[in-house]
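Trainee: Could you take me through one part of this model at close range? I would like to look at how the helices sit against each other, and then at what lies beyond them.

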Amino acid sequence: MKQSRLSLGSYGRPRMTEEPKEAGVDVGHRRVGRLMRENGIIVERTRKFKATTDSDHTFNIAPNLLGRDFTADRPNQQWAGDISYI
């Protein structure tokens with residue numbers, strides 16, 4: 001698909017409508033949207049993604065002592081926690 005060199009693919013129909021109006025051209029947002037479709041101009045949206053996990057590190061990893069067996073004979077034998085909120 002084709003993208004506008006001036007907008008770097010970030011201008012959508014509303015912003016593409018503002019510039020001609022500022023230049024004095026009477027144009028509506030529907031016409032701009034139709035012309036964009038006809039000419040293959042699309043908006044390339046950037047993803048708002050942030051990597052929160054770095055699994056490629058050299059830190060020591062704690063051993064899994066419980067092995068997903070959470071049964072205990074009496075209280076205070078096995079403790080587990082979750083720090084995923086950090």
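Mentor: Happy to; here is a walk from the chain as a whole to the helix pair and on to the segment that follows.

Please keep in mind that this is a predicted model. The chain holds two helices and zero strands. Of its 86 residues, 10% count as buried. The accessible surface of the chain is about 8,800 Å², and carbon and sulfur atoms hold 51% of that area. If you take the contacts with a separation of 6 or more, 43% of them join residues 24 or more positions apart.

Now to the part you asked about. Two packed helices are described by the angle between their axes and the distance between the axes. Here, helix α1 covers residues 13-22, and helix α2 covers residues 29-38. Their axes come within 9 Å and cross at roughly 110°. Angles of 65 to 115 degrees count as roughly perpendicular, so α1 is roughly perpendicular to α2. The crossing of α1 and α2 is right-handed. Which residues make the contact between α1 and α2? From α1 come Arg-13, Met-16 and Thr-17, while α2 brings His-29, Val-32, Gly-33 and Met-36.

Arg-13 deserves a closer look within that set. This residue is found in helix α1, and leaving out residues up to four places away in sequence, Arg-13 touches His-29, Val-32, Gly-33 and Met-36. Those four names are also the α2 residues in the helix contact. Is Arg-13 buried or partly exposed? Its relative accessible area is 39%, and because buried means under 20% and exposed means over 50%, Arg-13 counts as partly exposed.

Two C-alpha distances help to place Arg-13 against other arginines. Arg-30 is 17 residues away from Arg-13 in sequence, and their C-alpha atoms are 8.1 Å apart in space. Arg-34 is 21 residues from Arg-13 along the chain, with 9.2 Å from C-alpha to C-alpha.

Arg-34 brings us to the salt bridge. The count for the model comes to one salt bridge, and in it the side chains of Arg-34 and Glu-38 meet at 3.3 Å, N to O. Where do these two partners lie? Both are in helix α2, four residues apart, about one turn of the helix. Their accessibility can be read side by side: Arg-34 is partly exposed, with a relative accessible area of 34%, whereas Glu-38 is exposed, with 55%.

Let us now leave the helices and move on along the chain. Gln-78 lies in the segment after α2. Setting aside neighbours within four places in sequence, Gln-78 is in contact with Leu-66, Asp-69, Phe-70 and Thr-71. One of these partners, Leu-66, is 12 residues from Gln-78 along the chain, and the C-alpha atoms of the two are separated by 7.8 Å. Gln-78 counts as partly exposed, at 33% relative accessibility.

Two further residues are worth checking for their backbone angles. Most residues other than glycine have a negative phi. Arg-68, however, has a phi near 65°, a positive value in a residue other than glycine. Asn-76 also has a positive phi, of about 60°, although Asn-76 is not a glycine. Where do they sit? Arg-68 lies in the segment after α2, and Asn-76 lies in the segment after α2 as well. As for accessibility, Arg-68 is exposed, with a relative accessible area of 70%. Asn-76 is exposed too, with a relative accessible area of 61%.

To put the pieces together: α1 and α2 cross at roughly 110°, with Arg-13 among the α1 residues that make the contact. Helix α2 also carries both Arg-34 and Glu-38, the pair whose side chains form a salt bridge. Beyond α2, you can look at Gln-78 with its contacts to Leu-66, Asp-69, Phe-70 and Thr-71, and at the positive phi values of Arg-68 and Asn-76.

Definitions and conventions: Residues numbered from 1 in each chain as written. Predicted model: local features only at pLDDT ≥ 70, side-chain atom pairs only at ≥ 80, totals over all residues. Heavy atoms only, no water. Buried < 20%, exposed > 50% of the residue type's maximum accessible area, 1.4 Å probe, protein only. Contact = heavy atoms within 4.5 Å. Areas by Shrake-Rupley, 256 points an atom, 1.4 Å probe, with all protein chains shown as cover. Salt bridge = Lys/Arg side-chain N within 4 Å of Asp/Glu carboxyl O. Axes fitted to C-alpha atoms, helices over the stretch in contact; angles between N-to-C directions. Parallel < 35°, antiparallel > 145°, perpendicular 65-115°, else oblique. Left-handed = near helix turned anticlockwise from the far one by under 90°.
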